[in-house]
Amino acid sequence: MKDGPDISRIAALIGDPARASILTALLSGRALSAGELACEAGIAPATASGHLAQLTEAGLIWPRKQGRHRYFALAGDEVASALETLSGLAAAKGHLRSRPGPRDAALREIRVCYDHMAGARAVAIFD
């Protein structure tokens with residue numbers, strides 16, 4: 001289709017895993033700093049800066065300056081609604097992702113904590 005809205009640009013922006021994580025983090029309704037969003041997305045702050053610029057330029061998020069800090073929020077209810085609809089569709093079609101956490105058996109088995117070994121294997125070695 002040559003005429004009408006170009007959904008491919010918005011879809012490409014949302015389709016990047018880091019940007020999707022940033023947008024999902026903003027669904028809470030709270031404005032978050034670039035550092036907080038970088039942490040949520042698991043990326044470096046410099047990388048987050050580039051993603052935030054693209055999302056701002058596309059009109060999906062709004063930057064808010066407060067003192068020396070910049071905070072970002074979704075650019076309106078229609079953005080939140082679109083993200084929630086896509087999340088529901090992904091879940092209904094079985095497209096789920098998971099992050100390992102403290103309840104993940106494999107992570108509890110062997111892991112590191114700062115500068116030392118941790119987990120069940122490390123305890124067994126120590127014993």
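Modeller: Helices (H or I, at least four residues) and strands (E, at least two) are taken here as DSSP runs, numbered from the N terminus. Residues are numbered from 1 along each chain as its sequence is written, and side-chain values use heavy atoms, with hydrogens and water left out. The model is predicted, and local features therefore need pLDDT of at least 70 and side-chain atom pairs pLDDT 80 or more, whereas totals for chains, interfaces and linings use all residues.

Biologist: Where is K2 found, and what is its relative accessible area?

Modeller: K2 is found in the segment before α1. Its C-alpha is 32 Å from that of A48, a residue 46 places away in sequence. K2 counts as exposed (over 50% relative accessible area, with under 20% meaning buried and partly exposed in between, for a 1.4 Å probe and protein chains only), because its relative accessible area is 86%.

Biologist: Which pattern does the protein chain follow when it is read along the sequence?

Modeller: The protein chain has seven helices and five strands. Read in order from the start of the sequence, these elements give the pattern α-α-β-α-α-β-β-α-α-β-β-α.

Biologist: What radius of gyration does the protein chain have, set against a compact globule of 127 residues?

Modeller: The C-alpha atoms fill a box of roughly 70 × 45 × 25 Å along the principal axes, and buried residues make up 27% of the 127 residues. The radius of gyration is taken over C-alpha atoms, and the globule rule is 2.2 Å times the number of residues to the power 0.38. For 127 residues a compact globule would have a value near 14 Å, but the protein chain has 19 Å.

Biologist: Which residues form the one salt bridge that the structure holds?

Modeller: A salt bridge is a side-chain nitrogen of Lys or Arg within 4 Å of a carboxyl oxygen of Asp or Glu, and the structure holds one. One partner lies in helix α4 (residues 45-57) and the other in helix α1 (residues 7-15), so the pair ties together parts that are 48 residues apart in sequence. The α4 partner is exposed because its relative accessibility is 63%, while the α1 partner is partly exposed because its value is 42%. The closest N and O atoms are 3.5 Å apart, and the two residues are E57 and R9.

Biologist: R19 is a buried residue of α2; which side chain of opposite charge is nearest to R19?

Modeller: R19 lies in helix α2 (residues 17-25), and seven of the nine residues of α2 are buried, so the helix is largely enclosed by the rest of the structure. Lys and Arg count as positive and Asp and Glu as negative, while His and the chain ends are not counted. R19 has no salt bridge, and at 4.2 Å the nearest side chain of opposite charge is D16.

Biologist: With which side chain does the side chain of R19 make a polar contact?

Modeller: A polar contact is a pair of N or O atoms within 3.5 Å; within protein, one must be able to donate a hydrogen and the other to accept it, and residues adjacent in sequence count only if both atoms are side-chain atoms. The side chain of R19 reaches the backbone oxygen of L13 at 2.9 Å. The side-chain partner, at 2.9 Å, is H51.

Biologist: Which residues are in contact with S21, leaving aside its neighbours within four places in sequence?

Modeller: S21 is in helix α2 and counts as buried because its relative accessibility is 12%. With contact meaning heavy atoms within 4.5 Å, the partners of S21 beyond those neighbours are E40, A41 and R97.
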